[in-house]
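Visitor: Could you walk me through this model? I'd like to ask things as they come up.

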Amino acid sequence: MFNHTMKNKYNKGRKKKPVLDRFLDKIDRNGLFCEKLKSNCWEFRCCHYKNGYSRMLVDGKERLAHRLSYELFIGEIPKGLDIDHLCRNRGCVNPNHLEP
């Protein structure tokens with residue numbers, strides 16, 4: 001799937017935090033309350049596109065944060081499958097708010 005730690009030219013010799021730790025550092029679990037799902041959105045706090053989706057660099061590649069969340073907490077996404085935000089919030093990365 002992807003490497004869980006990342007090294008680059010700026011941190012030679014130092015290990016970067018695992019992807020999951022970096023991901024969790026960037027979310028606010030006290031986002032908007034979704035009445036339909038009876039739980040809060042997890043807002044990704046940085047790197048938003050103009051269309052509202054969030055992104056994060058993993059192994060030097062830009063990844064959509066909601067898809068990364070699904071992979072980290074639920075499992076692999078079959079090729080060609082879209083992930084839907086049940087809460088209708090494109091910035092949400094709460095795995096309980098995402099479904100294929």
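Guide: Gladly, and one term first: buried means under 20% relative accessible area, exposed means over 50%, and partly exposed is what lies in between. By that scale Arg-55, at 23% relative accessibility, counts as partly exposed. Please keep in mind throughout that this is a predicted model.

Visitor: Does Arg-55 pair with anything, and if so, with which residue? What is the distance?

Guide: Arg-55 forms a salt bridge with Glu-62, and the closest N and O atoms are 3.3 Å apart. Glu-62 is also in the partly exposed class, with a relative accessible area of 47%.

Visitor: How many salt bridges are there in total?

Guide: The count comes to five salt bridges. Among them is the one between the side chains of Asp-25 and Lys-17, with an N to O distance of 2.3 Å; Asp-25 is partly exposed at 42% relative accessible area, and Lys-17 is partly exposed at 43%. Another links Arg-88 with Asp-84, where the closest N and O atoms are 3.1 Å apart.

Visitor: Are Arg-88 and Asp-84 buried or exposed?

Guide: Arg-88 is exposed, with a relative accessible area of 62%, whereas Asp-84 is partly exposed at 31%. Arg-88 lies in the loop between β7 and β8, and its phi is near 65 degrees, a positive value in a residue other than glycine.

Visitor: Which other residue that isn't glycine has a positive phi?

Guide: Asp-59 has one, with phi near 55 degrees. Asp-59 sits in the loop between β5 and β6 and is partly exposed, at 33% relative accessibility. As background, most residues other than glycine have a negative phi. A glycine can be added to the list of positive values, since Gly-75, just after α2, takes a phi of about 155 degrees.

Visitor: Let's step back to the fold. What's the order of elements?

Guide: The protein has two helices and eight strands, and along the sequence they follow the pattern α-β-β-β-β-β-β-α-β-β. Of the contacts between residues at least 6 apart in sequence, 42% join residues at least 24 apart.

Visitor: How much of the chain is buried?

Guide: Buried residues account for 37% of the 100 residues in the protein. The accessible surface comes to about 6,600 Å², and 49% of that surface belongs to carbon and sulfur atoms.

Visitor: And the largest nonpolar core, which residues are in it?

Guide: That core has ten residues, namely Val-19, Phe-23, Ile-27, Trp-42, Phe-44, Met-56, Val-58, Ala-65, Leu-68 and Val-93. The elements that give two or more residues to this core are α1 (19–25), β5 (55–58) and α2.

Visitor: Tell me about α2 then. What's buried there, and what does it pack on?

Guide: In α2, which spans 65–73, the buried residues are Ala-65, His-66, Leu-68, Ser-69, Tyr-70 and Glu-71. These buried residues of α2 pack against α1, β4 (43–44), β5, β6 (61–64), β7 and β8 (98–99).

Visitor: Where does the surface have a nonpolar patch?

Guide: Leu-20, Phe-73 and Ile-74 form one, with about 240 Å² of accessible area together. Ile-74 is found in the loop between α2 and β7 (84–85), and it is partly exposed, with a relative accessible area of 47%.

Visitor: You mentioned β4. What does Glu-43 touch?

Guide: Glu-43, which has its place in strand β4, touches Lys-26, Ile-27, Asp-28, Gly-31, Leu-32, Asn-89 and Gly-91, leaving aside residues up to four places away in sequence. Its C-alpha atom is separated by 7.6 Å from that of Asn-30, a residue 13 places away along the chain.

Visitor: Last topic, cysteines. How many disulfides are there?

Guide: The count comes to zero disulfides.

Visitor: Why is Cys-41 not bonded to Cys-87?

Guide: The cut-off for a disulfide is a pair of cysteine sulfur atoms within 2.5 Å, and the sulfur of Cys-41 is 3.7 Å from the closest cysteine sulfur, in Cys-87, so the two are too far apart for a bond. As for exposure, Cys-41 counts as buried at 3% relative accessibility, while Cys-46 is partly exposed, with a relative accessible area of 24%.

Technical notes: Residues are numbered from 1 along each chain as its sequence is written. This is a predicted model: local features need pLDDT of at least 70, side-chain atom pairs count only at pLDDT 80 or more; totals for chains, interfaces and linings use all residues. Side-chain values use heavy atoms; hydrogens and water are left out. Buried means under 20% relative accessible area, exposed over 50%, partly exposed in between (1.4 Å probe, protein chains only). Patches are made of residues with over 30% relative accessible area and no salt bridge: like charges are joined within 9 Å, nonpolar side chains (Val, Leu, Ile, Met, Phe, Trp, Tyr) within 5 Å. Accessible areas come from the Shrake-Rupley method with a 1.4 Å probe; for residues, only the protein chains shown count as cover. A salt bridge is a side-chain nitrogen of Lys or Arg within 4 Å of a carboxyl oxygen of Asp or Glu. Helices (H or I, at least four residues) and strands (E, at least two) are DSSP runs, numbered from the N terminus. A nonpolar core is a set of buried Ala, Val, Leu, Ile, Met, Phe, Trp, Tyr and Cys residues joined through side-chain atoms within 4.5 Å. Contact means heavy atoms within 4.5 Å.
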